[in-house]
Amino acid sequence: MIGGYQKRNFWKWLRSFYKNEPYSLWKTNNWKRWFRNSSYTLKSDFLTTGPKIKEFEDAICKYTGAKYSIAVSNGTAALHLASLVLLNKNDKVLTTPNSFLATSNSILYAGAKPIFVDITNDGLIDLDLCEEYLKKDSSIKAIYAVSFSGKMLNQEKLKYLKDTYNIKILEDNAHSIGATFNNIKAGNCANSDMSIFSFHPVKHITTGEGGAITTNFKKYYEKLLPKKPKNYWGRNLLWFEKN
Ligand SMILES: Cc1ncc(COP(=O)(O)O)c(C=O)c1O
């Protein structure tokens, strides 16, 4: 039986779809496909971390052009795992203050130290200012740059900084799947070590909650795989990689 309280909440919940309450709201332009795919997974033996994950990872690689992709539970987890692989304790990392806190928190999770660099008018980290920091301090090991709101960073400048100062670069593409810069797709990692995506419902595409890491380096991929929460499919992948 539904009581008055639940009924009122139900109508409130239903009304929220017509009001301007976008947080976590999502829609699909292909309900049939959505039902077919999600019911396939719900009926399968793997509710999570099953073969559909591998399919999804392959689709990310195909779309972005990156060699390797790892799907994880959200963008924060993607940043966390990436940081555990890319950074060492006490590394200094240049990053942007114009981001969700997961970007800089992930640096702290790895025991490294974020240094905030100012942004330019387009909301992106100022790469010229980054160079000033790099010139002065050779103990800076990485840049964590956010492609803010679908705007990618200048890829030529990223490549220049990476090659000249021998630093690691992580592109936080949480809100930028589908973005391009000179035909380089976000997540392609043409000029970075790793990139991450978020598939939270406020992002361009959603998996409910979800995230992914992409990279072109096998050494990173091999280090990332065992850090994923243990699951049969992940273990199989690792086994296949090794044998
Ligand atoms: C730039 C950026 N990075 C990382 C994240 C974290 O993603 P998630 O919410 O999937 O953990 C967000 C989330 O809004 C974000 O905006």
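Let's start at an exposed spot: N183 has just 8 other C-beta atoms within 10 Å, and because a residue with 12 or fewer counts as exposed, N183 falls in that class. You will find N183 in the loop between strand 6 (180–181) and strand 7 (184–185). Its backbone deserves a look too, since the phi of N183 is near 65 degrees, a positive value in a residue other than glycine. Please keep in mind as you go that this is a predicted model.

N183 has a companion in this respect. S149 is not a glycine either, yet its phi is positive, at about 55 degrees. S149 sits in the loop that runs between strand 4 (140–146) and helix 7 (155–165). Is S149 buried or exposed? With 12 other C-beta atoms within 10 Å, S149 is exposed, because the class takes in residues with 12 or fewer such neighbours.

Now step back to the whole chain. The protein chain has nine helices and nine strands. It is made up of 243 residues, of which 33% count as buried. If you look at contacts between residues at least 6 apart in sequence, 63% of them join residues that are at least 24 apart.

For a buried position, turn to G210. This glycine lies in the loop between strand 8 (194–198) and strand 9 (211–215). G210 has 22 other C-beta atoms within 10 Å, and because 20 or more is the mark of a buried residue, G210 counts as buried. Which residues does G210 touch, leaving aside those up to four places away in sequence? They are A71, S73, N74 and F199. S198 is also worth finding here: G210 and S198 are 12 residues apart along the chain, and their C-alpha atoms are separated by 5.9 Å.

S198 leads us on to the ligand, as it is listed among the closest residues there, together with G75, T76, F100 and A174. The ligand is surrounded by 15 residues. Which helices each supply at least two residues of this shell? They are helix 4 (75–86) and helix 5 (102–109). Helix 4 gives the most, with three residues. What is the make-up of the shell by class? Nine of its residues are polar, five are nonpolar and one is charged.

With these landmarks in hand, you can retrace the route on the model: from the exposed N183 and the exposed S149, to the buried G210, and on to the shell of 15 residues around the ligand.

Note on methods
Residues are numbered from 1 along each chain as its sequence is written. This is a predicted model: local features need pLDDT of at least 70, side-chain atom pairs count only at pLDDT 80 or more; totals for chains, interfaces and linings use all residues. Helices (H or I, at least four residues) and strands (E, at least two) are DSSP runs, numbered from the N terminus. Two residues are in contact if their C-beta atoms, placed from the backbone, lie within 7 Å. A residue is near a molecule or strand if its C-beta atom, placed from the backbone, lies within 6 Å of it. Ala, Val, Leu, Ile, Met, Phe, Trp, Tyr, Cys and Pro count as nonpolar, Asp, Glu, Lys and Arg as charged, and the others, Gly among them, as polar.
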